[in-house]
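Here's a quick briefing on a ligand site and on how two domains meet. Have a look at the model first, then read on.

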Amino acid sequence: MPNKTSALIFERIALIGIGLIGSSIARRIKRDGLANHVSVSARSQQSLDKALELGFADSVTLDQKESVKNADLIIICSPVGTYSNIIQNIKSNLKLGAIITDVGSVKQAVIRDLEPHIPEGVHLVPAHPVAGTERSGPEAGFAELFEDRWCIITPTSQTEKKSIKQVTEFWKSLGSNVEIMEPKHHDLVMAMTSHLPHLIAYTIVGTATDLEKSLTNEVIKFSAGGFRDFTRIAASDPTMWRDVFLNNRDAVLEMLQRFSEDITALQRAIRWGEGDTLHELFSRTQEVRRGVIEAKQEKMYD
Ligand code: NAP
């Protein structure tokens with residue numbers, strides 16, 4: 001059943017951070033007229049100039065406090081390690097009734113950093129669009145990024161139902177399907193589906209570059225054998241991913257522990273020539289791949 005809508009839900013939207021995710025949101029808002037004014041702030045003037053040049057911002061400023069003035073919806077779209085400073089900067093300039101949401105890849109740490117500083121009469125609705133690419137910066141975004149993708153909203157005990165509904169409608173208007181989840185559960189699920197795969201990709205590519213030079217050159221030359229797919233994931237933004245691992249430590253370590261046990265079991269199966277064990281696992285994983293395709297979660301820009 002379609003659950004997508006397209007209507008003006010917010011008059012004025014402020015985006016803090018205008019990289020892959022922020023600029024994709026801004027592009028979609030401008031393309032579909034989802035707000036009358038998009039105000040943008042970033043860390044560098046260069047990104048702000050680019051936002052104006054590409055036409056997805058109505059106003060830009062390096063001053064975060066200025067950018068959120070009169071905004072009905074504020075979306076924090078910067079690495080999660082920046083949130084503490086951002087809320088300190090903006091909290092005294094938030095409009096009564098405004099909603100603060102975000103796109104951060106972890107949720108418990110985001111709530112820990114934001115919630116205690118949310119002023120009375122302002123509403124926090126933590127969210128995470130499960131969509132992305134390995135590219136970053138304002139030029140990397142595109143309006144279709146969230147189409148048919150999940151956006152997970154992780155309300156806290158203090159989150160007002162009306163605000164959840166508004167943020168849900170907003171993400172549906174961006175083309176997403178919306179799921180509501182407990183923050184802790186979100187972090188555990190993402191540790192397995194996103195954070196661990198990134199860690200493995202970073203490790204494999206790191207190991208390859210530590211080989212002696214001639215071997216590394218061959219790895220790159222013949223990368224179509226499988227390595228290439230890991231290099232794509234391992235090209236993801238280092239700051240964003242550093243912050244993800246530092247802020248989802250427990251869940252990542254738990255999944256990493258399970259992974260280490262499983263890889264040790266595979267090591268043993270290879271050593272002892274236990275072909276059936278290997279074949280049984282590889283058959284099960286083929287099924288998982290089919291499930292991903294059936295769930296329409298496979299896209300060219302993944
Ligand atoms: P990105 O392309 O690297 O963009 C980050 C943006 O944040 C840039 O505009 C940057 O400004 C700005 N920024 C950095 N530090 C800042 C600070 N201290 N104050 C204000 N702005 C600051 O990153 P992204 O991929 O869009 O990721 C942004 C967020 O989305 C992260 O929290 C990440 O966890 C989440 N997320 C990412 C993906 C993904 O696949 N990439 C998917 C889902 C969610 P400058 O441009 O001036 O440097």
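By class, the ligand's shell is made up of 14 polar, 11 nonpolar and 2 charged residues (nonpolar means Ala, Val, Leu, Ile, Met, Phe, Trp, Tyr, Cys and Pro; charged means Asp, Glu, Lys and Arg; the others, Gly among them, are polar). Bear in mind that this is a predicted model, where local features need pLDDT of at least 70 and side-chain atom pairs pLDDT 80 or more, while totals for chains, interfaces and linings use all residues. Numbering runs from 1 along each chain as its sequence is written, and side-chain values use heavy atoms, with hydrogens and water left out.

**Around the ligand**
- There are 27 residues around the ligand, and Arg43, Ser44, Ser47, Ser78 and Ser105 come nearest (a residue is near if one of its heavy atoms lies within 4 Å).
- Ser47 also makes a polar contact (N or O atoms within 3.5 Å): an N or O atom of its side chain is 2.5 Å from a ligand oxygen.
- Polar backbone atoms join in too, with Gly137 at 2.8 Å from a ligand oxygen and Leu20 at 2.9 Å from one.
- On its own the ligand has 900 Å² of accessible area, and the protein covers 87% of that (Shrake-Rupley method, 1.4 Å probe).
- Helix H1 (20-32) and strand E7 (127-130) are the elements giving two or more residues to the shell (DSSP runs, at least four residues for helices and at least two for strands, numbered from the N terminus).

**Between the domains**
- The assignment splits the protein into domain 1 (4-181) and domain 2 (185-294), with bounds from an automatic or database assignment.
- Their centres, taken over C-alpha atoms, are 30 Å apart.
- Contact (heavy atoms within 4.5 Å) links 17 residues of domain 1 with 15 of domain 2.

How values were computed. Polar contact = N/O pair within 3.5 Å; in protein donor to acceptor, adjacent residues only side chain to side chain.
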